[in-house]
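Dear colleague,

I am passing on to you the structure that follows, together with an account of what was found in it. Please look through the sequence and the model first, and then read the notes below alongside them.

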Amino acid sequence: MSEPAGRAGERASMTGTGGVDRPGGAGRPGGVSNWLPCAPCTPESCVSPPGPVVGVWRRLLRGAGCASVLVVGVALAPVVRGRGRAVGERLVSCWARTLVASLGIRLRPTHGPPDGPTHGAAHGPTGGPTHGGGVLLVANHVSWLDILLIAAVLPGRMLAKTELRGWPLLGPLAAWGGTIFIDRDRLRALPGTVEEIAAALRRGERVVVFPEGSTWCGRNGGRFRPALFQAAVEAGAAVQPVAVRYRLADGSPTTTPAFVGEDGLLSSLRRVVAVRGLAADVLPLALIPAGRYPTRRSLARAAQAAVDRHRFASFGDAHGGCAARAAPGHLRRAHDREGAPG
């Protein structure tokens with residue numbers, strides 16, 4: 001589904017996506033790259049109402065708290081950057097947890113993979129990789145909140161669109177945080193971005209990408225684009241799959257935080273601050289060791305299989321209500337027929 005250029009560009013910048021789509025796609029509005037993936041999810045068809053809500057004053061308090069934490073982050077970012085990676089990641093994690101809490105979200109990280117033993121520890125007490133090399137962290141993408149949640153649990157260098165540099169507050173924070181920027185309007189720039197990610201991995205850093213390349217409502221999801229997995233192949237780095245899910249206070253799954261289709265950032269923020277008892281699950285899954293899968297495509301498929309087992313579990317077989325109106329496997333096969341760079 002096509003989007004207004006302003007909204008589509010806004011979400012691509014905000015969500016830090018790193019996936020790529022086939023060149024030459026038809027029907028894209030002006031100002032939006034033809035090779036950007038575009039999920040079929042829409043707010044009207046996919047996003048559920050907030051459910052139990054808090055009062056107006058609580059919403060205003062949450063909004064003011066969020067703005068205050070953002071301002072503090074901008075003020076302290078230069079200081080944090082000069083403290084070294086380990087200390088910096090601790091501080092970023094603390095700041096992100098505070099920001100998430102200010103929005104009224106209860107973070108529920110899982111400190112071990114629920115689907116089997118890891119092949120090397122995914123992260124140590126400092127938040128950095130402990131298995132002797134860098135880690136490419138890959139996660140499903142539902143909302144702009146995903147970035148904050150992962151920064152709170154497993155902080156690392158994010159991949160984001162170049163336009164994010166010019167955003168007030170968020171632009172400086174992203175730049176000072178070591179974000180790797182990708183020019184998604186220039187397909188020729190992709191190999192350079194892959195090499196920059198590979199170089200960071202060789203230095204032992206964690207790099208965070210959302211390989212679907214677009215946000216989905218959570219009932220369904222897109223194919224993990226293989227191009228960015230080439231960085232892990234070239235660097236001999238492990239891949240850390242992470243599943244992100246959202247729930248209400250009673251434990252039932254919700255799509256309220258989803259940031260999809262023609263949704264705007266402010267309308268999404270208003271929904272989030274209105275929810276009573278919103279909780280987020282961040283599930284680090286079994287680490288995929290370097291060299292287990294020799295190609296980027298096989299590596300992308302393995303990472304997606306791990307994430308899919310957990311991100312859709314909370315919805316069970318209830319895929320209805322999503323604009324995609326198809327099971328995740330059907331969606332992936334459709335994407336595979338389209339083809340993609342890498």
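**Overall picture**

Of the 342 residues in the protein chain, 56% count as buried. Please keep in mind throughout that this is a predicted model. The chain holds 11 helices and 7 strands, and among its contacts between residues at least 6 apart in sequence, 82% join residues at least 24 apart.

**Confidence**

The mean pLDDT of the protein chain is 78, with 73% of the residues reaching 70 or more. Among the elements, strand β2 (residues 135-139) has the highest mean pLDDT, at 97, while helix α11 (residues 328-338) has the lowest, at 41. Two stretches call for caution: pLDDT stays under 50 over residues 1-34, for which the model nevertheless has 106 contacts beyond four places in sequence, and pLDDT also stays under 50 over residues 112-128, where the model has 44 such contacts. Where pLDDT is low, the predicted coordinates should not be read in detail.

**The largest pocket**

The largest pocket has a volume of about 1400 Å³. Its lining is made up of 47 residues, and those that lie nearest the centre of the pocket are Val92, Trp95, Leu173, Ala174 and Gly177. Two or more residues of this lining come from each of α3 (56-81), α4 (85-102), α5 (145-153), β3 (157-161), α6 (170-176) and α9 (265-274), and α3 gives the most, with 11 residues. By character, the lining of the largest pocket divides into 32 nonpolar, 9 polar and 6 charged residues.

**Three helices**

Helix α4, which is one of the elements that contribute to the pocket lining, has 18 residues that should span 26 Å at 1.5 Å a residue, and its end C-alpha atoms are 25 Å apart, which agrees. In α4 the buried residues are Gly88, Glu89, Ser93, Ala96, Leu99, Val100 and Ser102, and what covers them includes α3, α5 and β5 (206-209). After α4 comes Gly104, whose phi is positive, near 85 degrees.

Helix α9 also gives residues to the pocket lining. Ser268, Arg271, Val272, Val273 and Ala274 are buried in α9, and the cover over these buried residues includes α3 and α5.

For helix α10 (residues 296-311), the 16 residues should span 22 Å at 1.5 Å a residue, and the end C-alpha atoms are indeed 22 Å apart. The buried residues of α10 include Ser298, Leu299, Ala300, Asp308, His310 and Arg311. Phe312 is placed in the loop between α10 and α11, and Phe312 counts as buried because its relative accessibility is 7%, which is under the 20% cut-off. Although Phe312 and Gly218 are 94 residues apart in sequence, they are 7.1 Å apart in space, C-alpha to C-alpha.

**Arg157 and the residues it touches**

Arg157 sits in strand β3, and with a relative accessible area of 19% Arg157 is buried, since the cut-off for buried is under 20%. Not counting residues up to four places away in sequence, Arg157 touches Gly178, Thr179, Ile180, Glu196, Ala200, Arg203, Glu205, Arg206, Val207 and Val208. Arg157 and Gly177 are 20 residues apart in sequence, while their C-alpha atoms are 7.0 Å apart in space, and Gly177 is among the residues nearest the centre of the largest pocket.

Two of the residues that Arg157 touches, Thr179 and Glu196, can be followed further. Thr179 lies in the loop between α6 and β4 (180-182) and is buried, with a relative accessible area of 13%. Beyond four places in sequence, Thr179 touches Arg157, Met158, Ala160 and Ala174, and Ala174 is another of the residues nearest the pocket centre.

Is Glu196 buried or partly exposed? Its relative accessible area is 35%, so Glu196 is partly exposed. Glu196 is found in helix α7 (residues 190-202) and, with residues up to four places away in sequence left out, touches Arg157 and Ile180. Glu196 and Ala231 are 35 residues apart in sequence and 8.2 Å apart in space, C-alpha to C-alpha.

With best wishes

How values were computed:
Residues numbered from 1 in each chain as written. Predicted model: local features only at pLDDT ≥ 70, side-chain atom pairs only at ≥ 80, totals over all residues. Heavy atoms only, no water. 1 Å grid on protein atoms, 1.4 Å probe; cavity = no way out; pocket = protein on both sides within 12 Å on 5 of 7 lines; lining within 4 Å. Points joined across faces, edges and corners; volume = space filled by probe spheres on them. Helix = DSSP H or I, 4+ residues; strand = E, 2+ residues; numbered from the N terminus. Nonpolar A, V, L, I, M, F, W, Y, C, P; charged D, E, K, R; others polar. pLDDT = per-residue confidence, 0-100. Contact = heavy atoms within 4.5 Å. Expected span 1.5 Å × (residues − 1). Buried < 20%, exposed > 50% of the residue type's maximum accessible area, 1.4 Å probe, protein only.
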